[in-house]
Amino acid sequence: MITVRFVQPGPHGPVEDREVEVEPDGRSLMKAAVDAGIDGIAADCGGSLTCATCHVFIPPEWQAKVGPARGDEDTMLDYTAVERRPNSRLSCQIRLTPDLDGLWVELPERQY
């Protein structure tokens, strides 16, 4: 099992900071969030890369391991509800593997 942390920021620190344990079997970060009931991930399209409601921000120390957005994901990030940042990713495109143990992501304040 690996641990992944989802942080919902607020004006004075995290509003929610939740760790979940998931099997590092290549499932998406989005699927792990939905299965764990993380409110900040809407996942309207179910991971088919046709919406941007699983937007997350990857902290600098994890960007190299997670990698950059490419192709259709890069295009879909232009449609996020919260302005895209250089560290924006769609969690449906991040596959959970053992080397992502300890990953944490920041959730945007909204997905719509």
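Biologist: Which residues does Leu103 touch, not counting residues up to four places away in sequence?

Modeller: In this predicted model, Leu103 is among the residues with the most contacts inside the largest nonpolar core. Not counting residues up to four places away in sequence, the residues that Leu103 touches are Thr3, Val4, Arg5, Leu29, Trp62 and Val66.

Biologist: Which element supplies the largest share of the largest nonpolar core?

Modeller: The largest nonpolar core has 30 residues, and Val4, Phe6, Leu29, Ile41, Leu90, Leu96 and Leu103 are those with the most contacts inside it. At least two residues of this core come from each of β1 (2-10), β2 (13-22), α1 (29-35) and α2 (60-66). The largest share of this core, 4 residues, is supplied by α1.

Biologist: Is Gln111, in the segment after β5 (104-106), buried or exposed?

Modeller: The relative accessible area of Gln111 is 9%, and the cut-off for a buried residue is under 20%. Gln111 is therefore buried.

Biologist: Which backbone oxygen lies 2.9 Å from a polar atom of the side chain of Gln111?

Modeller: Leaving aside neighbours within four places in sequence, Gln111 is in contact with residues including Gly40 and His55. The side chain of Gln111 reaches the backbone oxygen of His55 at 3.0 Å, whereas the backbone oxygen that lies 2.9 Å from a polar atom of this side chain is that of Gly40.

Biologist: What is phi of Leu49, in the loop between α1 and β3?

Modeller: Most residues other than glycine have a negative phi. Leu49, which is buried at a relative accessible area of 18%, has a positive value, with phi near 65°.

Notes. Residues numbered from 1 in each chain as written. Predicted model: local features only at pLDDT ≥ 70, side-chain atom pairs only at ≥ 80, totals over all residues. Heavy atoms only, no water. Buried < 20%, exposed > 50% of the residue type's maximum accessible area, 1.4 Å probe, protein only. Polar contact = N/O pair within 3.5 Å; in protein donor to acceptor, adjacent residues only side chain to side chain. Contact = heavy atoms within 4.5 Å. Core = buried A, V, L, I, M, F, W, Y, C linked by side-chain atoms within 4.5 Å.
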